[in-house]
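User: Please take a close look at a single helix and what surrounds it. I would like one connected account, with the figures kept.

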Amino acid sequence: MLRLHVQALLQVVMMAGIIKDTDLRKYYMDICIDLGVGDEGNAPFSDVFNDINLSLKPFYFEIKTVVVREYETNQRVYYHGFTNTQDDAVAKNYGGKLTDKEVTMYRHILDQLVVDHQLSTADVALTVRELSAGFGTVRNDELQKTLQSLLQQGWLERNDRNFWEVGPRAYLELRGHIEGVMRANLEAAALEEQLAQLPQILFY
């Protein structure tokens with residue numbers, strides 16, 4: 001059974017869906033201090049996540065880490081996420097916070113981002129407009145609300161120039177889909193280069 005401070009850490013990751021390493025470390029240190037085990041707050045996350053994943057294995061969930069290189073700073077940033085290990089109905093219902101319409105909108109936005117790397121909000125609006133036949137008109141306020149939700153959940157990211165990019169959660173949970181879009185749209189030489197540049201995923 002997981003120790004109390006580790007259970008609390010797991011709850012933080014589950015609630016966040018995905019969280020930056022520096023933010024999670026602060027939460028964990030505060031948790032350990034509050035529970036009287038302050039020294040545990042400096043334990044390597046690799047050890048903690050290994051213990052958590054062993055306990056989660058029967059339920060088909062795990063914590064993984066994606067290492068994203070920020071475009072502007074060229075620095076590596078670590079994000080930890082709570083993910084499904086198999087695509088069953090229970091996992092979908094447990095992990096999904098998006099409506100069917102939002103999922104469809106996001107899939108089209110993501111596919112375009114994989115090809116173009118970044119999109120302005122106007123570009124996103126044009127991409128979403130193509131879905132009108134299936135869902136009816138997407139109002140601007142509805143689009144903005146959806147984009148903010150996707151940003152908060154880590155499915156999208158916004159760079160310093162205010163352009164939209166693929167979010168760290170997508171790299172972590174939708175790696176196979178992203179690679180499939182690349183293979184369908186890129187020539188062989190460009191494909192190999194782009195695949196090599198995908199963020200690294202760490203397993204525990």
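The account below concerns helix H8, its packing and its charged pairs.

Analyst: This is a predicted model, and the description starts with the geometry of the helix. Helix H8 runs over residues 140–152 and has 13 residues. From its first C-alpha to its last it reaches 18 Å, close to the 18 Å expected at 1.5 Å a residue. Gly154 follows H8, and its phi is positive, near 85 degrees.

Which residues of H8 are buried? They are Glu142, Leu143, Thr146, Leu147, Ser149 and Leu150. These residues lie on the same side of H8, because they cover an arc of only 160 degrees around the axis. An α-helix has 3.6 residues a turn, so residues three or four places apart point the same way. On the other side of H8, the exposed residues are Asn140, Lys145 and Gln152.

The buried residues of H8 pack against helix H6 (121–129), strand E4 (156–158), strand E5 (164–166) and H5. Helix H5 covers residues 100–116 and gives six residues to the largest nonpolar core, the most of any contributor. That core has 32 residues, and Val66, Val124, Leu156 and Ile178 touch the most other members. Leu156 links several of these parts through its contacts: apart from neighbours within four places in sequence, it is in contact with Tyr106, Ile109, Leu113, Leu147, Leu150, Leu151, Trp164, Glu165 and Gly167. Leu147 and Leu150, two of these partners, are also among the buried residues of H8. A second, separate core of 20 residues includes Leu2, Val12, Ile19 and Leu56.

Charge also enters the buried side of H8, through Glu142. Its salt bridge is with Lys101, and the closest N and O atoms are 2.8 Å apart. Glu142 belongs to helix H8 and Lys101 to helix H5, so the pair ties together parts that are 41 residues apart in sequence. Glu142 has a relative accessible area of 18% and is therefore buried, the cut-off being under 20%. Lys101 is buried as well, with a relative accessible area of 18%.

A further salt bridge involves Asp141 and Arg139, with the closest N and O atoms 3.1 Å apart. Asp141 is partly exposed, at a relative accessible area of 48%. The count for the model comes to six salt bridges.

Two other charged sites can be set beside the Glu142 pair. The first is a salt bridge between the side chains of Glu179 and Arg175, at 3.1 Å, N to O. Glu179 and Arg175 are separated by about one helical turn, because they are four residues apart in helix H10 (residues 175–185). Glu179 counts as partly exposed at 23% relative accessibility, and Arg175 counts as partly exposed at 21%.

The second is Lys64, which lies in strand E2. Lys64 is buried yet has no salt bridge. Glu62 is its nearest side chain of opposite charge, 4.1 Å away, whereas a salt bridge needs the nitrogen within 4 Å of a carboxyl oxygen. Leaving out residues up to four places away in sequence, Lys64 touches Tyr79, His80, Gly81, Thr83, Leu172, Ile201, Leu202, Phe203 and Tyr204.

In short, the buried residues of H8 share one side of the helix, and Glu142 on H8 is joined to Lys101 on H5.

Methods: Residues are numbered from 1 along each chain as its sequence is written. This is a predicted model: local features need pLDDT of at least 70, side-chain atom pairs count only at pLDDT 80 or more; totals for chains, interfaces and linings use all residues. Side-chain values use heavy atoms; hydrogens and water are left out. A nonpolar core is a set of buried Ala, Val, Leu, Ile, Met, Phe, Trp, Tyr and Cys residues joined through side-chain atoms within 4.5 Å. Buried means under 20% relative accessible area, exposed over 50%, partly exposed in between (1.4 Å probe, protein chains only). Helices (H or I, at least four residues) and strands (E, at least two) are DSSP runs, numbered from the N terminus. Contact means heavy atoms within 4.5 Å. Lys and Arg count as positive and Asp and Glu as negative; His and the chain ends are not counted. The expected span of a helix is 1.5 Å times one less than its number of residues. The arc is that of the directions from the helix axis to the C-beta atoms.
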